[in-house]
Amino acid sequence: MEMKKRISLELRNRTPAEVAELVVDNCRSSDGEVEGLTDDFKDLEFLSMVNVGLTSLAKLPSLPKLRKLELSDNNISGALETLSEKCPNLTYLNLSGNKIKELSNVEALQSLKSLRSLDLFNCEITTLEEYRDSVFELLPQVTYLDGFDQDDNEAPDSEADDDDEDEDGEDGAGPTGDYDEEDEEEDEEGSEGGEVGLSFLMKKGVQDEEDEDDYAEEEEEEEQAGVRGEKRKRDAEDEGEDDDDDEDD
């Protein structure tokens, strides 16, 4: 699909001024130039044109709010001064898999004062001796080169950070509504469980009292039976004495 047509489809009934993110990866640039993008995309902050056959950025329109630009797997070899002119506020630039060969090719990026992350992975420039030190020296504003800083610390995952912010909600307001509903359901279940438990305990208490009453009654009956047995024994002994007396007479 041609880039111009792809951009038209990506608008999805929006005006260019309403678009903040635009991804047109794997479409085709007919002459190696940017097509279909105009100055009307004035609020565009993220643009991805991966593997679209670009050889030049000369026709890139003015994108004053653009912060992230993905240009990997194209055929760009230089003339990067266009980026400084058209996208002065870039903080992230991915040129991996292009035809960048010399340090002079990236020298034009010195004017991008906000540039913090630059990716040149899989470009011929990376084979130069002391490539990393040279680029950091040439572009002191860059913190991360090919995903790592000068001390080989990996760059943070900006997408993960964005996801965390979304989960926390605006201003760190806390969990989302769905989470609250689940908690509420669990609380209700817990309350029901508490009522059942209380009912069970009360029932058990009543049962224990009944068992104690039954035990007391049985104990009293046994005592009474014992008294009666003693009485019968004494009566029998008395009768035996009376019989002895009669025989003596």
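A residue counts as buried when its relative accessible area is under 20%, as exposed when that area is over 50%, and as partly exposed in between. Ala-155, with a relative accessible area of 25%, is therefore partly exposed. The structure described here is a predicted model, and the text that follows moves from the chain as a whole to single residues and then to charged side chains.

## The chain as a whole

The chain holds 6 helices and 6 strands, and when these elements are read along the sequence they follow the pattern α-β-β-β-α-β-α-β-α-β-α-α. Of the 249 residues in the chain, 29% are buried. The chain exposes about 16,600 Å², and carbon and sulfur atoms supply 42% of that area. When contacts between residues at least 6 apart in sequence are considered, 50% of them join residues that are at least 24 apart.

## Two residues that meet distant parts of the sequence

Val-135 is found in helix H4, and because its relative accessible area is 0%, Val-135 counts as buried. If its neighbours within four places in sequence are left aside, Val-135 is in contact with Leu-103, Leu-118 and Leu-145. One of these partners, Leu-103, is 32 residues away from Val-135 in sequence, while the C-alpha atoms of the two residues are 7.2 Å apart in space.

Ala-155, introduced above as partly exposed, is found in the loop between strand S6 (144–145) and helix H5 (158–168). With its neighbours within four places in sequence left aside, Ala-155 is in contact with Tyr-144 and Gly-147. Ala-155 and Ser-117 are 38 residues apart in sequence, and the distance between them in space is 8.5 Å, taken from C-alpha to C-alpha.

## Loop residues with positive phi

The loop that contains Ala-155, between S6 and H5, also contains Asp-152. The phi angle of Asp-152 is near 65 degrees, which is a positive value in a residue other than glycine. Asp-152 counts as exposed, because its relative accessibility is 55%. Asn-13, which is found in the loop between helix H1 (3–11) and strand S1 (21–23), likewise has a phi near 65 degrees, a positive value in a residue other than glycine. With a relative accessible area of 85%, Asn-13 is exposed.

## Charged side chains

Side chains of opposite charge can pair when their charged atoms come close. A search of the whole structure finds 4 salt bridges, and the table below lists three pairs that are among them.

| Salt bridge pair | N to O distance |
|---|---|
| Glu-10 and Arg-6 | 3.1 Å |
| Glu-10 and Arg-12 | 3.4 Å |
| Lys-65 and Asp-43 | 3.0 Å |

Glu-10 and Arg-6 both lie in helix H1, where they are 4 residues apart, about one turn of the helix. Both of these residues are buried, and for Glu-10 the relative accessible area is 16%. Arg-12, which meets Glu-10 in a salt bridge, is by contrast exposed, with a relative accessible area of 60%.

The side chains of Lys-65 and Asp-43 also meet in a salt bridge. Lys-65 lies in the loop between strand S2 (46–48) and strand S3 (68–70), and Asp-43 lies in the loop between S1 and S2, so the pair ties together parts that are 22 residues apart in sequence. Lys-65 counts as partly exposed because its relative accessibility is 45%, and Asp-43, at 27% relative accessibility, counts as partly exposed too. Elsewhere, salt bridges that share partners join Arg-6, Glu-10 and Arg-12 into one network.

What kind of charge gathers in the surface patch that includes Glu-129, Glu-130, Asp-133 and Glu-137? The charge of this patch is negative. Glu-129, one of the residues in the patch, is found in the loop between strand S5 (117–119) and helix H4 (131–138). Its relative accessible area is 71%, so Glu-129 counts as exposed. Helix H4, which follows that loop in the numbering, is also where the buried residue Val-135 is found.

Notes: Residues are numbered from 1 along each chain as its sequence is written. This is a predicted model: local features need pLDDT of at least 70, side-chain atom pairs count only at pLDDT 80 or more; totals for chains, interfaces and linings use all residues. Side-chain values use heavy atoms; hydrogens and water are left out. Patches are made of residues with over 30% relative accessible area and no salt bridge: like charges are joined within 9 Å, nonpolar side chains (Val, Leu, Ile, Met, Phe, Trp, Tyr) within 5 Å. Accessible areas come from the Shrake-Rupley method with a 1.4 Å probe; for residues, only the protein chains shown count as cover. Lys and Arg count as positive and Asp and Glu as negative; His and the chain ends are not counted. The place of a charge is taken as NZ of Lys, CZ of Arg, CG of Asp or CD of Glu. Helices (H or I, at least four residues) and strands (E, at least two) are DSSP runs, numbered from the N terminus. Buried means under 20% relative accessible area, exposed over 50%, partly exposed in between (1.4 Å probe, protein chains only). Contact means heavy atoms within 4.5 Å.
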